[in-house]
Amino acid sequence: MIRTYALCMLLGRLAASETAPADLDAAALAARSPLIAALALPAGAWRDLAVTAPDRSADPTRIEAAGGRFLAALQSAKDGPNAEAQKAVAQLVKTLAASTKGEHPDALDPVFARRAVRGGALRRLGAESSEIEQAVAEACRLRTTAAFAGPQGARLEERRDAFGIGAWCLGGTRIAYAVPHPTPHFTRMMPSLALVVELPANADPVTDAGKAEAAALFTGTACVARWSAKDNKLASDPFAWRQVVREPEERDMAKGLFPPHLVLCTPEGDLLRLATLKGSVVPPHNDTPMEAERFLTEAARTLSDTQLLDLIGQYCFSYVYDSPDPRFPLVFGTPDVRGEIHQTAVQTLGTTTCGQFRGDCDDLAELYQSIAERQNRFGHLLLLPSHTAFAVASKDGEDWVIDVMQTGPTLAFARPDVRDALRAAQAHFDPTKPFNPNNFGLLLRFSGENTRGRFGLGWRIFTEREYARTMIDVQRDWQYHTYGHAIAQMGKLIDTGDRDPANLTERAGLYLRTGQLAAAAKQFREVIQENNEPVSRIQEQLLLATVLLRDGKPKEAQAALTEAAATLKRAAPGLGDGVPQIGIRISMGMLQAGDQEGARTVLVTTAFNPLATLVSRLIHLASQPNFDRQAWTGSSSLAPIRGLVRSFVDCLIAHLEKASPETARDPLLVKSRQIVDAWLARLAFLDAETMDMTLDTYSFAARIHALDIGKDALAVAVAAAPMPADGKRDHLARNFAASTQSREADLPWIRMCPAWWMTETFRCIRKDHDEQVSGWSDTSGYIEEHLDPAWTDKAAVAAAACGTSKARAACIGFGLGGRQTDLYEHFAVLATALANADNRVLRERLCYVRIQNDKPLRDASAQMIGRLSPLCSDTQWITVLNIWADEVDYKPKWFSIAWEAAVVGAPNHALAAARMTARRFRDDPIFAEESVFMHQLLGGTLRQGGP
């Protein structure tokens, strides 16, 4: 019996030795993962507990099912997001179940998408989001996938979510977890580091991460930074840190980026704290203004220099395209479906979910500005090609340094003269644009609008704070169209002896805007005489030509443009790649002034050959088998080049439009037509990143086809063409041949192009008066001329607007419609309502403007009302103003309506609008002053025949 028992025991031990995991020492276990190595496990024997990992395969499926139900509910929601926004939401929902990021460089990261939805990003869209939030939360819940038992009751667990995200958690007498340290968004220089977080006794790493007592960063087993909750400070040896985390060395990057820091995050990767040598910053806990204020104050105090402030964008911010529906600004845009909304700093911080806030370049730039201003650093938002950045100037020894903070690594440009530093900053983003130190592109916001306005100011606003405040206050007058007040402010500044060319140009522009053409011409001539900066001087000569053309003096305008060409010739050696762009502007101005020979000469001597060569090179690039279209449209360095080529093609088309049958066979024009056709066949549709942009390109194609048969014949052909049978045409697959061979194939798409129909609507308003050259002056735009009601064919206007509506309906039917197509229909229908005194439709359109609450839409609608005012009788005009008051009543645009009416030759309508404005805003003395100013100006002080 004893022998039998002993035999059984022996057999049991043998079986156990074959199935039980062998003991591991701490070193062997650490070799399995850098995270385990960083945890520094207690020495001794560890045993694999052979945990069976849970099956999480159903979690993504559950997310997809819940997402489908959410999207269905959203589609049927009353007053929910528009169709374009729903497409964007659908893309976000689709991303939630993905394990990897999409191929597009700006594709949404699925990890951040799930983080955002867990934090409530799908709420307040008009449909209940709790089910999909719960499905995402369940999939992101960490479950044990491996476990080891160690000495003295220690336990090591690997916990992962359904997508493999998670941490190694240590329990027992020491509670800690290890996760990969977050990687920066805008650089690849940061090495892989392990973050180890220490927790109090009895804490749960998953639920109690917020109770962290300490944290450390490791490379292998070497610690490079430690943070302690006791003093809330980071400890790190700068030399040891730089051995591991080296400074980025790319061109123009700021020095000292990525100083010692540590991002404390949960096992799921949610950001809890950004710790630096000067303290730490905690992301907002909710979307209240109080929490935003707390964060801004904390960041300003702690992140005291540019290198530390840069960490906000690198870790706390996630890049997301703007919502395509301004009524629902929290919708995630996509590369294909997006809008333009500039969040305030408080609004950006209000998007915080799981420690990260979101937005695009202008949102981060405004956040940087808000923090920097609290640090008594004064900077501005730069207007760059397809980009916005925050720039601040500071003195560093003998140099001026311009720091540029953006959705990308922070840049720095140091030069002895601040103007040269600004020149270098602009050249980094757009080497094709000539630098004008007296007109630097900025974005400013004054009255809570959802996008910032575009303004141009001189270089001194970066170095002289009081001067900057004065000039920005004048820009506020531009925003509110209180030009009389602005003229008075500039007069005071100039009368004190400050005759900076930027000041004289500013006042001259105000004279031009208010129709004081003689005063504007005199002021421009003075500043041209005193200004030695070539690009600025050329810009002023172009503006002088604008004044003279409006004043009915084409010969004098030609002389001003000839002098601009001479200035460019003298300055060309120092302008480099900026010469073609200036040459295009001068050439277009000469066409407008009727000097076709001069326009051709300038084009040939400045822009034609280099840009023709550039077009050929780009076509060759786009024809390569490995051509990457996403890189083409997504490259910030290619954006200004593509824009320059489009300006060149626009100039060539303008020359061809002005050509007579006798000159059309000129070799230059023949070559121009070949370039235009090649561009249309190979490049035009490559630039179209969205379907809206693709449809808009057909409007451009229509201009080219009209060169062959004329605008009227093209309109007849378009109206007779069938709508496309479906929306599946490959718009890039075009024959590399003359556009005459593609016209028949393009006609149906032009008919389905709302942009073309909108253009036709306005052509019918100014029938036979549509020969202006657009784009020749980026400051003046079109030459404003009086609108004679006799020009307008009201029936044709209504028919064209109807065509716009039918085109939009066809787009929607094919699933191609978007916000831009909606806007084209809006403006065409609004114009028809004004031309035909249809007050019901007018009220409907202005109600739409109010609901959308979108600055560009509102601004353009107010401008249109003023510019079409001559089509209204005195009685009807008062009705129009009353409907505007009922439906929109937006204060900054009341005087816009009044001044636009003055510009187009309706002084009585302008004064009626001014009187109503002053009455409605009696509490604003500036508005009262502006009304008086307009009455004085329009009462006989202008030239004979002026507005």
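1. Over which residues near 940 does pLDDT stay under 50, and how many contacts beyond four places in sequence does the model have there? The stretch is residues 940-947, and the count is 17 contacts. Keep in mind that this is a predicted model.

2. Overall confidence comes next. The mean pLDDT of the protein is 91. Of its residues, 95% reach 70 or more. Residues 773-783 are another stretch with pLDDT below 50. The model gives that stretch 34 contacts beyond near neighbours in sequence. Where pLDDT is low, the predicted coordinates should not be read in detail.

3. Now the cysteines. The whole structure was searched, and 0 disulfides were found. Cys316 is in no disulfide. Its nearest cysteine sulfur belongs to Cys265, 12 Å away. Cys316 is buried, because its relative accessibility is 2%, under the 20% cut-off.

4. Why does the sulfur of Cys354 make no bond with the one in Cys140? The two sulfurs are 8.5 Å apart, which is too far for a bond, and Cys140 holds the closest cysteine sulfur. A disulfide would need the sulfurs within 2.5 Å. Cys354 is partly exposed, at 22% relative accessibility.

5. One helix pair deserves a look. Helix 24 spans residues 667-682, and helix 25 spans residues 691-709. Their axes come within 11 Å and cross at roughly 145°. The crossing is left-handed.

6. Which residues meet there? Helix 24 brings Arg673, Val676, Asp677, Trp679 and Leu680. Helix 25 brings Phe700, Ala701, Ile704, Leu707 and Asp708. By type, this contact has 7 nonpolar residues, 3 charged and no polar.

Methods. Residues are numbered from 1 along each chain as its sequence is written. This is a predicted model: local features need pLDDT of at least 70, side-chain atom pairs count only at pLDDT 80 or more; totals for chains, interfaces and linings use all residues. Side-chain values use heavy atoms; hydrogens and water are left out. pLDDT is the predictor's confidence in each residue, from 0 to 100. Contact means heavy atoms within 4.5 Å. Buried means under 20% relative accessible area, exposed over 50%, partly exposed in between (1.4 Å probe, protein chains only). Axes are lines fitted to C-alpha atoms, for helices over the stretch in contact, and angles run from 0 to 180 degrees between N-to-C directions. Helices (H or I, at least four residues) and strands (E, at least two) are DSSP runs, numbered from the N terminus. A crossing is left-handed if the near helix is turned anticlockwise from the far one by less than a right angle, and right-handed if clockwise. Ala, Val, Leu, Ile, Met, Phe, Trp, Tyr, Cys and Pro count as nonpolar, Asp, Glu, Lys and Arg as charged, and the others, Gly among them, as polar.
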